[in-house]
Amino acid sequence: MNPQTIAIVKATVPALQAHGEAITSHFYRIMFEGHPEVKAFFNEAHQAAGSQARALAGAVLAYAMHIDRLDEIAGALPRIIQKHAALGVLPEHYPVVGGCLLQAIKDVLGDAATDEIIAAWGEAYESLAAILIAAEEEVYRNNAAQTGGWRGEREFRVARREKESEVITSFYLEPVDGGPLLAFSPGQYLTLVLNIGGEPLRRNYSLSDAPGKPWYRISVKQEEGGRASNWLHESATVGTILKAQAPCGDFVLQPSGKQSRPLVLVTGGVGITPAMSMLESVAHTGRPVHFIHAARHGGAHAFRERVDALAAQHANVKPLYVYDTPRESDRPHATGFVTRELLGQQLPADRDVDLYFLGPKPFMKAVYANSLELGVPKQQLRYEFFGPLEALEA
């Protein structure tokens, strides 16, 4: 980009700070009205809650503020690239998004959005799109080139269903073509390409078993009003054929190296699913693992028997279960919430751990703040939100 374009885009920062969410909310409206074919790439629950618009507004603002020093926001790109690759975003989708975004800027800012500003933002968008398209193509190529890999959609058969709790059911998916499966990293997710009532939907579900099995396992919570989750629970019986994109995601268990730090997995609700893949992958290695899970009560607690079995087999696995509304028959280790005091009791004195956490946003904000206050190094905290990424510090 030329210096004039950069200067113009940076000059729009105050307008984006004042009107960013209005722009992105309007953007989604006009894009879905004019291009209904792209709706399948977006979760309507996130749209209804406004989190998608807020997240996009934050991303657009960050891009404008750092357009002359993109290395400042480079850390956010891997997650975006992985999410796009998981959904199957293609180069032809970018002009649709870009055109609607520019139209939304014009509509919301009115006369303030001069031709010069729109042209500058058009150039800025094309520059970012080129970066993302190239990076996503590399993901597609790499996935297809590996043993068991594929590009686009692949058909899987539901080979088995297992009820993990009153609200979570596991689906074991085996490839219809009988071929090998692409290896994945613990923490990654699978994107199902569904068609429910004639409407296409795409949903991400964490892989909840260790890699190297002859199946992919996803464990799905039946959400109230959730179209995809309710359809899976009610209609995806053994033998049902589902289509899926290749595993993606950058919230993955990092190599521990020669000097393995203790691994702390802190989860709430259905956030337990990627942590199960991580636990299944390391339980046998001898690496110390603190497995802290928060649930409403025993009926909502998935995988308790499996975690207990792993702890019985491997002395390095230390589970801790916290229920905030336990039933009379429940036997949690603690009641209430994962407080700073409770978390501190599980950490070594030097706080030198790799701590992964996942769950509802309020839960994650509390774990994040408490971990930092307890002295866990920020660079050793790893997390991913369900849906659009939003700031934990807020």
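The largest cavity in this predicted model has a volume of about 50 Å³. A search of the whole structure returned three cavities of 30 Å³ or more. The lining of the largest cavity is made up of Ala85, Tyr140, Asn143, Trp150, Arg151, Gly152, Gln245, Ala246 and Cys248. By residue class, five of these lining residues are nonpolar, three are polar and one is charged. Such spaces are located by a general approach: a probe the size of a water molecule is rolled over the atoms, and this shows where empty space is left.

The structure also contains a sheet of six strands. The sheet is open, its strands follow the order S4-S3-S6-S1-S2-S5, and their pairing is antiparallel. Strand S4 (199–206) and strand S5 (216–221) lie at the edges; each has a single partner strand, so one side of each has no neighbour in the sheet. On average, and with direction ignored, neighbouring strands of this sheet are turned by 40 degrees against each other.

Within the sheet, strand S1 (residues 154–163) is joined to strand S6 (residues 241–244) by four bridges in the antiparallel sense. One residue pair in this arrangement is Arg157 and Ile241, the latter being the bridge partner in S6. Helix H5 (residues 77–87) packs on the sheet, where it touches strand S3 (189–196) and S4. The direction of H5 makes about 40 degrees with that of S3.

The two strands touched by H5 also pair with each other: S3 and S4 are antiparallel and share eight bridges. Leu194 is found opposite Leu201 in S4. S3 and S4 form a hairpin with two residues between the strands, and in this hairpin Gly197 adopts a positive phi near 60 degrees.

A further contact involves two helices. Two packed helices are described by the angle between their axes and the distance between the axes. For helix H4 (residues 51–65) and helix H7 (residues 115–145), the axes come within 12 Å and cross at roughly 100 degrees. With this crossing angle, H4 is therefore roughly perpendicular to H7. On the H4 side, the contact is formed by Val60, Tyr63 and Ala64, which meet Trp121, Ala124, Ser127 and Leu128 in H7. The residues of this contact comprise six nonpolar, one polar and no charged.

Definitions and conventions:
Residues numbered from 1 in each chain as written. Predicted model: local features only at pLDDT ≥ 70, side-chain atom pairs only at ≥ 80, totals over all residues. Heavy atoms only, no water. 1 Å grid on protein atoms, 1.4 Å probe; cavity = no way out; pocket = protein on both sides within 12 Å on 5 of 7 lines; lining within 4 Å. Points joined across faces, edges and corners; volume = space filled by probe spheres on them. Nonpolar A, V, L, I, M, F, W, Y, C, P; charged D, E, K, R; others polar. Axes fitted to C-alpha atoms, helices over the stretch in contact; angles between N-to-C directions. Parallel < 35°, antiparallel > 145°, perpendicular 65-115°, else oblique. Contact = heavy atoms within 4.5 Å. Pairing = 2+ DSSP bridges.
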